[in-house]
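Here's a walk through one protein chain, written for someone with the structure open on screen. Have a look at it first, then read on.

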Amino acid sequence: MFNLNWCQTFRGVKSCVPVFFPLASLMVVIIAACGRVDRLDEYPFPESSPCPGGVVVSELADNSVRFCGDINAASVAAAIEKLERSPNKRLVIDSMGGSTKDAIALAHYIREKEVDVFVNLFCLSACSQYLVVSAPRVAFRSASIVGFHDTQYATNIIIGRQNTRPEMIAEADSEWDFYRSIGVDVSLTTRPLASLNPECIVNRVDYAVSGRLLVKMRGAYIMPGPESFVRYYNGTMLTNWPSREAVEQELLERYRGKLNVVYEEFSSSELTRLPDCKTED
């Protein structure tokens, strides 16, 4: 047993009260304190955090970096430059995605420099599939939309080897290497798309003109439920994962059918098999 004195001062008079803690209880308190991870009661940035017209990367009043728009070489360079000067290393983002190569470059920076990522209204495609999963810590609003879809690796499977160009193979390899480097299950390269039940179809007129296969899916993006997301995210969530009810209400009220997102858990089975589309002569 430890004999400790708990003291306080009130109106200039110091009083002490002996407090006894069993050793086991004290150790539990110490271990809990050391292992505690900071949490946020709610998303700390207002929805009105500015996205200046025509400006993709800007700074907020607290020196956090605001990212709004396409992920490309210029926007990534601007974001890294501002994050280098930012004392708190926080990235507040709204993005529909962009270049795989540039998103992976920013994702590696986020990982190396331990940048916290705050998803505001939406984070889709390259934003979710690289930036969010790479962040040591992430935060979401109650109705933030985080949408995944096909990777280049999955696209290569769908369109078939005969339609896959060398640069498409190189991009798929970079995705695979990226997920392995951050400790993410590489089934993320195919599983979200498989959950959207892709069906390969060939529009002969379009194909004759463009040489492109069309892939018909029941949703443009899939937003994994919390159980699925934590299987692919190895960091710390500072807030709760957005709820299905809040997200579906957001889609109904804000986007009015213009953003096609399916919110659900990935199938319990490993959905790594995708259709291999064959072109017709």
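## Where α2 meets α3

On the α2 side of this helix pair, the residues making contact are Ala-73, Val-76, Ile-80, Leu-83 and Glu-84, and on the α3 side they meet Asp-102, Leu-106, Tyr-109 and Lys-113. Sort the residues of this contact by type and you get six nonpolar, no polar and three charged. Keep in mind that the model is a predicted one.

How do the two helices lie against each other? Two packed helices are described by the angle between their axes and the distance between the axes. Here the axes of α2 (residues 73-85) and α3 come within 9 Å and cross at roughly 15°. Angles under 35 degrees count as roughly parallel, so that's the label α2 and α3 get. As for the hand of the crossing, it's left-handed.

## Ala-105, on helix α3

Ala-105 sits in α3, which covers residues 100-113. Is Ala-105 buried or exposed? Neither, quite: its relative accessible area is 40%, and since buried means under 20% and exposed over 50%, Ala-105 counts as partly exposed.

Ala-105 can also be paired with Ile-80 for a distance check. The two are 25 residues apart in sequence, and their C-alpha atoms are 9.9 Å apart in space.

## A helix on the inside

For a contrast with that partly exposed alanine, try helix α4, residues 126-134. How many of its nine residues are buried? Nine of the nine, so the rest of the structure largely encloses α4. The buried residues in α4 include Cys-127, Gln-129, Tyr-130 and Leu-131, along with Ser-128 and Ser-134.

## The nonpolar cores

In soluble globular proteins, nonpolar side chains tend to be buried together. In this model, the largest nonpolar core has 57 residues, and Phe-140 and Ile-145 are the ones with the most contacts inside it. Leaving out residues up to four places away in sequence, Ile-145 touches Leu-121, Phe-122, Cys-123, Leu-124, Met-223, Val-247, Glu-250, Leu-251, Tyr-255, Leu-259 and Val-261.

There's a second core too, separate from that one, with seven residues; among them are Phe-45, Val-92, Phe-118 and Leu-238.

## The whole chain

Zooming out, the chain has 10 helices and 13 strands. It runs to 281 residues, of which 43% count as buried.

What about contacts between residues at least 6 apart in sequence? Of these, 67% join residues at least 24 apart.

Notes:
Residues numbered from 1 in each chain as written. Predicted model: local features only at pLDDT ≥ 70, side-chain atom pairs only at ≥ 80, totals over all residues. Heavy atoms only, no water. Core = buried A, V, L, I, M, F, W, Y, C linked by side-chain atoms within 4.5 Å. Buried < 20%, exposed > 50% of the residue type's maximum accessible area, 1.4 Å probe, protein only. Contact = heavy atoms within 4.5 Å. Helix = DSSP H or I, 4+ residues; strand = E, 2+ residues; numbered from the N terminus. Axes fitted to C-alpha atoms, helices over the stretch in contact; angles between N-to-C directions. Parallel < 35°, antiparallel > 145°, perpendicular 65-115°, else oblique. Left-handed = near helix turned anticlockwise from the far one by under 90°. Nonpolar A, V, L, I, M, F, W, Y, C, P; charged D, E, K, R; others polar.
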